[in-house]
Amino acid sequence: MTAGRLLPLLAGLFTLVALAFSPGGEARWFDGGAGSLLLALVPVFLLLAFWQRGSKAWRGLVYVIVGGIAVFGLLNLLQAGAAGAAGLGFWLYGLGVWAAVWHGVDCLSKAEIASAGWRRGRDLLVPTLFGIWLLVVWELLCRGFGIPQVLLPAPSVIGERIGNSSAMLWADFQQTFLKAVLVGYAIGCGSAFLTAILVDRVPFLRRGLLPMGNVISALPIVGTAPIMVMWFGFDWPSKAAVVVIMTFFPMLVNTVMGLSASGHLERDLMRSYAAGYWQTLIKLRLPMALPFIFNALKINSTLALIGAIVAEFFGTPIVGMGFRISTEVGRMNLDTVWAEIAVAAVAGSAFYGLVALIERGLTSWHPSYRQRS
Amino acid sequence: MTSEVARIEPLPAAARPGLLSAFWQGRTGPVLVVALAMVALWYAGAVWLNSPWQYDVFQRQDVEWTTTDLVRETLNQDRPVLPAPHQVLAEMQKTILEVAPDSRRSLIYHSWVTLSSTLLGFAIGSLLGILLAVGIVYVKALEKSLMPWVIASQTIPILAIAPMVVVVLGSIGLRGLIPKAVISTYLSFFPVTIGMVKGLRSPDPLQLDLMRTYSASRWQTFWKLRWPSSVPFLFTSLKVGIAISLVGAIVGELPTGAQAGLGARLLAGSYYGQTVQIWSALFTAAFIAALLVALVSLVERLVLKRMGVKP
Amino acid sequence: MARNGVERAVDVRDLSLTFQTADGPVYALSQVNLEVKAGDFVSFIGPSGCGKTTLMRVIADLEQPTGGNITVNGVSPQEARLARAYGYVFQAPALYPWRSIERNVALPLEIMGLGREERRERARKYLELVNLTGFDKKYPWQLSGGMQQRASIARALCFDPDLLLMDEPFGALDEIVRDHLNEQLLQLWDKTGKTVVFVTHSIPEAVFLSTHIVVMSPRPGRIIDIIESPLPRERPLDIRESPEFLEVAQRVREGLRAGHSYDE
């Protein structure tokens with residue numbers, strides 16, 4: 001309970017005390033739109049600190065919204081002259097807003113919401129807020145302290161770069177993701193799947209390959225990138241080859257394990273029907289292996305992108321995400337690097353999300369989904 | 001109730017499991033055979049991949065040659081497309097055993113450079129991961145806000161940031177060990193967090209209710225129930241974490257054209273077309289990875305044995 | 001009642017089965033002789049380790065005997081299995097979680113290559129027989145344990161085998177559900193005229209259900225006694241309080257006691 005009371009008090013206290021210090025630079029609390037907005041919010045924070053009623057959900061929402069307005073004010077205050085020279089007042093106020101938003105998120109997280117729809121909305125809202133908050137803190141710190149761009153560009157700068165260089169980013173994305181990653185992923189996972197079915201027919205091979213596969217999965221396979229570049233040239237096939245090697249073993253190991261996941265009863269049942277090998281495989285063992293297979297497909301979606309990008313560090317034509325990252329780092333164009341990383345992050349998450357979505361469609365019967373519905 | 005079927009497992013083949021059949025029925029035999037098959041395939045591949053160049057050589061020298069000559073020569077080229085295993089081993093023997101360990105040509109020297117940042121990063125990363133997991137399990141707001149991002153972050157190709165981390169930290173004066181350790185920390189900390197959240201939540205409701213009937217404090221519940229329950233999960237993620245730490249350290253050595261470390265050896269090898277050097281660096285890295293994972297497994301077995309878990 | 005003119009559904013002569021384990025041989029079955037007539041309801045009863053499940057698995061060709069002879073429907077167990085002569089109900093429902101109840105019941109029909117329409121029709125029919133009408137589109141986890149086991153019985157029946165092998169099918173259920181299912185099973189047996197071989201370790205269950213009770217004993221697994229029940233085919237639940245019932249139960253209990261040395 002103490003934390004629940006403490007944070008609102010801190011929010012009120014910090015924002016109040018902040019007024020006694022300069023926000024820094026040419027900005028003032030008492031003139032200009034941003035300053036007066038923040039000034040006006042102080043009594044609101046103070047009042048809220050003594051607000052005891054209302055459900056947690058409402059309380060959380062109010063805090064988040066007021067905190068959001070305050071953040072808007074702080075960003076404008078930077079625009080008004082505090083950029084790079086933010087004073088003690090600015091940071092104290094920022095801490096106060098932090099306390100307020102944290103309290104809001106805390107309330108939202110703990111709120112007991114009856115309707116399933118709203119609850120799902122809350123479960124989406126809270127992490128989204130957290131993500132936005134991270135960006136905001138990043139932005140405030142970068143611009144408040146005037147961190148040089150070669151060290152860490154602010155999110156707004158990175159956003160601008162994404163907007164300005166979209167053609168280049170798209171070309172890189174095409175080269176790395178649409179060619180190397182997808183082709184390598186398809187070949188790697190596909191061939192591993194077929195190998196697994198072959199291996200599964202020979203128990204001797206299964207016993208031999210499974211421990212080997214486990215060991216190989218732990219090895220630094222990205223290291224084969226220079227060799228692949230030598231063998232397959234600078235263009236995307238060498239990257240795809242690295243992706244094939246990286247994705248092969250996780251898929252092999254998981255599929256083989258999945259194929260042996262069916263229980264004795266289920267297999268005896270198939271035997272009592274005098275079902276053949278292929279019938280048992282298709283009707284029992286493959287469905288049973290699906291969660292394992294998708295586990296590998298998900299792991300591999302991440303590994304594939306990593307493999308392709310890192311392989312490009314060893315030499316590429318003058319296009320590709322990994323190439324761009326390594327050369328722009330050298331030129332200290334960190335905004336481009338971050339833009340590329342943002343694209344990689346979005347592509348990686350989207351790829352993963354797509355695989356997860358297909359998994360959900362195909363294995364909705366699995367216990368891990370059952371509990372949610 | 002499980003009746004007789006469960007208790008009496010029929011043995012398929014020989015009447016009594018002899019030493020030899022145990023060897024084949026167990027894992028050792030099959031693993032050995034598969035490994036040997038791989039080496040054989042490798043030799044075959046080396047002959048096949050290196051032969052085009054060898055044909056040229058033979059043609060230029062205008063000599064008569066037999067298949068035996070071809071095989072012998074392809075397996076002993078200076079800059080083969082695919083070096084034969086014995087060439088890699090010879091190179092490793094030379095650079096590990098014969099060169100002084102502090103020389104720049106010694107693989108021990110390079111391995112140590114990579115290993116030290118791996119271990120430092122792994123230690124910090126694991127610690128951070130555990131702390132974060134405890135926070136997520138005990139603080140509702142952290143669970144709701146942070147956990148989705150921890151999971152999402154798994155889908156992001158984190159290694160892509162490696163060169164930037166190295167360069168940025170380099171520009172503020174941090175060079176050598178620290179930037180690589182930062183990458184390793186970053187990489188190892190996510191699997192540990194996820195594994196530990198799972199582990200700390202693994203006690204079933206009955207066990208938690210039991211602690212409630214004793215009106216145990218949160219602290220007691222943590223040390224007496226949640227922490228011990230999470231140990232198997234911890235080790236599973238530590239194994240993933242240490243392997244990925246090594247990868248992080250190696251990749252961290254690439255962007256600056258680093259002068260030391262296994263990653264630098266890989267890069268230098270690829271610049272100068274020294275395939276034997278690349279392969280020996282790769283093998284050393286693989287060996288270290290296997291060793292590190294085996295070490296964690298060993299500690300795991302010892303700890304679990306002490307905890308009385310059935311092996 | 002017997003199809004193909006075969007009177008003996010199961011015929012076992014001097015059957016023995018020895019498992020080789022690391023601790024030496026285990027005599028799971030020794031010198032077993034048994035005759036099951038078509039249309040009988042035969043229960044195997046005995047303490048754990050007496051070989052009752054093993055005997056059933058030998059009948060189903062899930063286990064190979066090491067000595068003696070056995071025929072199922074007049075042919076070897078393997079031929080019987082390939083001819084899909086029996087339906088097997090396990091201790092657990094073993095329904096496939098990714099299939100709806102209807103598709104679970106239709107699984108053997110799919111394997112036997114029947115058309116879609118006929119599969120659906122038969123599955124519906126047998127689901128009705130086990131009182132699961134309306135649950136065909138549900139998934140296994142949406143059903144209670146008793147309902148799941150009933151679905152697995154429908155699955156065993158839907159391809160109309162002559163022989164139904166049931167291995168402690170109700171062992172995991174509570175007694176109230178069990179009584180209910182026992183009653184339903186008797187009605188089903190009466191309606192369909194199948195031969196049923198049933199493994200249990202409950203004396204009342206064995207006596208209530210069976211026309212013949214086979215009492216077995218462990219180490220080595222063997223038959224102590226075969227009791228023919230004097231009870232009529234029509235058996236309401238309260239027959240269990242009748243003197244005839246108690247008398248049969250008493251005989252079973254004595255048989256078990258004689259074969260069991262209580263050395264565990």
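**Close-up 1. Buried A:Asp106 and its salt-bridge partner in helix H4 of chain A.** In this predicted model, A:Asp106 has a relative accessible area of 10% and is buried. Its side chain meets that of A:Lys110 in a salt bridge, with an N to O distance of 3.2 Å. A:Lys110 is partly exposed, at a relative accessible area of 40%. Helix H4 spans residues 88–110 of chain A, and the two residues are 4 apart within it, about one helical turn.

**Close-up 2. A salt bridge within helix H5 of chain B.** B:Lys94 pairs with B:Glu91, and the closest N and O atoms are 3.8 Å apart. Both residues belong to helix H5 (residues 85–98), where a spacing of 3 residues places them about one turn of the helix apart. B:Glu91 is buried, with a relative accessible area of 15%, whereas B:Lys94 is partly exposed at 34% relative accessibility.

**Close-up 3. A salt bridge between a loop and helix H3 of chain C.** The closest N and O atoms of C:Lys137 and C:Glu102 lie 3.2 Å apart in this salt bridge. C:Lys137 sits in the loop between helix H5 (116–129) and helix H6 (145–157), and C:Glu102 in helix H3 (residues 101–105), so the pair ties together parts of chain C that are 35 residues apart in sequence. C:Lys137 is exposed at 54% relative accessibility, while C:Glu102 is buried at 7%.

**Close-up 4. The salt-bridge network around C:Glu102 and C:Lys137.** Through shared salt-bridge partners, C:Glu102, C:Arg120, C:Arg124, C:Asp136 and C:Lys137 form one network. Over all chains, the structure holds 33 salt bridges.

Notes
Residues numbered from 1 in each chain as written. Chains lettered and ligands numbered in written order. Predicted model: local features only at pLDDT ≥ 70, side-chain atom pairs only at ≥ 80, totals over all residues. Heavy atoms only, no water. Salt bridge = Lys/Arg side-chain N within 4 Å of Asp/Glu carboxyl O. Buried < 20%, exposed > 50% of the residue type's maximum accessible area, 1.4 Å probe, protein only.
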